[in-house]
Amino acid sequence: MTVLTSLRAAACCVMLSATPLLASAGTVTGSVRADQPGPVIAPELYGQFMEQLGTGIDGGVWVGPDSDIPNTRGFRNDVLAALKELQVPVLRWPGGCYADIYDWRTGIGPRDQRPVTLNRWWGNKEEHNAVGTHEFFEFAEMLGARTFLNVNVGTGSPREAAQWVEYITSPTNSTLAQERRRNGREEPWKIDFLGIGNEPNGCGGRMRAETFADLFRQYSGFIAPHGGTTMIASGPDATSAEWTRTTMEIAGEHLDAFSMHYYTLPTGDWSAKGPATGFDEAQWLATFERTYMIEPMIREQSAIMDEFDPEAEKALVIGEWGTWYDPTPGSPGGWLQQQNSIRDGLVAAVNLNIFHRNARRLRVAGIAQMVNVLQAMLLTDGAKMLRTPTYHAFRMYRPFQGATSLPLQLDSPGYGSLQAVDGTAARGRDGKLHVALVNIDPDTAMEVSLSLQGVQATRASGQLLTADAIDAHNTFDDPDHVKPAPFDGARISEGTLTTTLPAKSLVVLTLE
Ligand code: AHR
């Protein structure tokens, strides 16, 4: 295996509408340059990933049409409604590691006749394959999301991948297109993004970079999607300069995008990652330190791609990102269930800020995973559902999807080795200016003063997400324990925005 040059690292909410000035407060100064627009923030940076894993799909999004849980053609209505609010731009399926053991033929035809397969990667769970190709594309259609399909390289073949793609996208009268019609879908679907392989160095086949690059050339030569598809080559399970350069050298002319993965583990140790709740401040800080490690990785990957593609015609994708903790005690092995606290909400915001800063080449990302798995938007338990702090951060950042990024400079007090306050600014598709500010200091409020250049706005309003404990989270008994509150604690006067960020908080403002 190639040497990986970067680590595979990995109370009741306080609802404040006016900002309390806490005893100790730091001072942050900075500027927003609305007169120097940067790249567009691709909506697809807000993508979601759902894998056939634990209850990520079965029970999480899918209950079947005969369930007592209210559903639309088998998909939970509560989950659908919550996800529609997020305006999910793109949805990736079926994996992840599962993609490289997936046989697409197990997921078509009458559901009661589909084979039961064993999920070798995730607890050897029996998969009934109720959500297959038709269900995935219907679900994406219901959400209004673009589609990101991952084909099997590890245990599949170019023929199988090409046939699956023909089945899905062909408008012809080929036997495969007719089979799709017999299974209930007349019109072809569009595959917007096609991932070839997943973590090929590990669960995707224990390959070397050279082997995978050659396989990418082979697969992409036989797969012929109808309707325009972005073909994505997979990176390994951690960023590797060597892997990226090898892929670009050998397969660069055939790919449209290259995908990296990065997970945030508080300890950086896969055998003891750290708990999702009940952690101390040292782990809070370590989590943010490891979150910020993604930024130099993105820059390194982009710089390597620049060597081969200086105009950034090919995109960098972060196929998987998010926090990965020790599983919820008592949860089934391999289901990757974990709680989600205010820490995760702020980690999400920090990542999104980083993505915005690197939007020139970074154009697609998928948080892992959408429901019930890892850093999820939503958790379900039978008929119950709750929105996590990560969901709320994504919901608050919605105006940034498709917005034009603007330079935001901040001079902030430190927190550990980091800046306490990070942020992002952009001109939204609505023409308004949007500013997000995150204060990761868990004890100190921050007084912020931002000079606004090229901005006509006179007032600012928005939302605040904060909590009274570093591991505050939502439960099925108290599902709104951490949730955003209206925030009117920002002022604009003589071209300067002033506000106070509570400790451990996220504020998203719209300036008008
Ligand atoms: O998201 C969980 C797993 O993490 C995915 O299946 C795999 O791609 C990665 O290692």
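Leu91 stands opposite Thr147 in strand β8. That spot belongs to a set of four bridges joining β5 (residues 90-93) to β8 (residues 146-151), and these two strands run parallel. Strands here, like helices, are DSSP runs numbered from the N terminus (E, at least two residues, for strands; H or I, at least four residues, for helices). Two strands are said to pair if DSSP finds at least two bridges between them. As a bit of background, strands of a sheet pair through backbone hydrogen bonds, either parallel or antiparallel.

A word on the model itself: it is predicted, so local features need pLDDT of at least 70 and side-chain atom pairs count only at pLDDT 80 or more, while totals for chains, interfaces and linings use all residues. Residues are numbered from 1 along each chain as its sequence is written, and side-chain values use heavy atoms, with hydrogens and water left out.

Back to the strands. Eight of them close into a barrel, in the order β2-β5-β8-β9-β10-β11-β12-β13, with parallel pairing. On average, neighbouring strands of this sheet are turned by 25 degrees against each other, direction ignored. Angles like this one run from 0 to 180 degrees between N-to-C directions, and axes are lines fitted to C-alpha atoms, for helices over the stretch in contact. Further along the barrel, eight bridges join β11 to β12, which run parallel, and here Met260 stands opposite Ile318 in β12. Then β12 is joined to β13 by four bridges, again with the strands running parallel; Trp321 stands opposite Ile367 in β13. Strand β12 is mostly covered, with nine of its nine residues buried. Buried means under 20% relative accessible area, exposed means over 50%, and partly exposed lies in between (1.4 Å probe, protein chains only).

Phe258 sits in strand β11 (residues 257-264). What is its relative accessible area? Phe258 comes out at 1%, so this residue is buried. Leaving aside its neighbours within four places in sequence, Phe258 is in contact with a list of residues including Ile232, Trp243, Gln301, Met305 and Leu316. Contact means heavy atoms within 4.5 Å. For a sense of distance, Phe258 and Ile57 are 201 residues apart along the chain, and their C-alpha atoms are separated by 26 Å.

Now for the helices. Two packed helices are described by the angle between their axes and the distance between the axes. Helix α8 (residues 294-308) and helix α9 (residues 342-357) pack at an angle of about 25 degrees, their axes lying 10 Å apart. That makes α8 roughly parallel to α9. In this scheme, angles under 35 degrees count as roughly parallel, over 145 as roughly antiparallel, 65 to 115 as roughly perpendicular and the rest as oblique. The crossing of α8 and α9 is right-handed: the near helix is turned clockwise from the far one by less than a right angle, whereas an anticlockwise turn would be left-handed. On the α8 side, the contact is made by Ile294, Glu295 and Ile298, and on the α9 side by Asn351, Ile354, Phe355 and Arg357. These residues divide into four nonpolar, one polar and two charged. For those classes, Ala, Val, Leu, Ile, Met, Phe, Trp, Tyr, Cys and Pro count as nonpolar, Asp, Glu, Lys and Arg as charged, and the others, Gly among them, as polar.

A second helix pair is α1 (residues 77-86) and α10 (residues 389-396), which pack at about 40 degrees with their axes 8 Å apart. That makes α1 oblique to α10. Ala82, Glu85 and Leu86 of α1 meet Tyr391, Phe394 and Arg395 of α10, giving four nonpolar, no polar and two charged residues. Helix α10 is mostly covered, as seven of its eight residues are buried; among them are Tyr391, His392 and Phe394. In α1, the buried residues include Val79, Leu80 and Ala82. Just after α1, Gln87 takes a positive phi of about 55 degrees.

Finally, there is an open sheet of five strands, in the order β17-β1-β22-β26-β25, with mixed pairing. Strands β17 (408-411) and β25 (490-493) stand at the edges, each with a single partner strand, so one side of each is left without a neighbour in the sheet. The twist averages 20 degrees from one strand to the next. At the β25 edge, four bridges join β25 to β26 (residues 496-501), and the two run antiparallel. Ala490 stands opposite Thr499 in β26.
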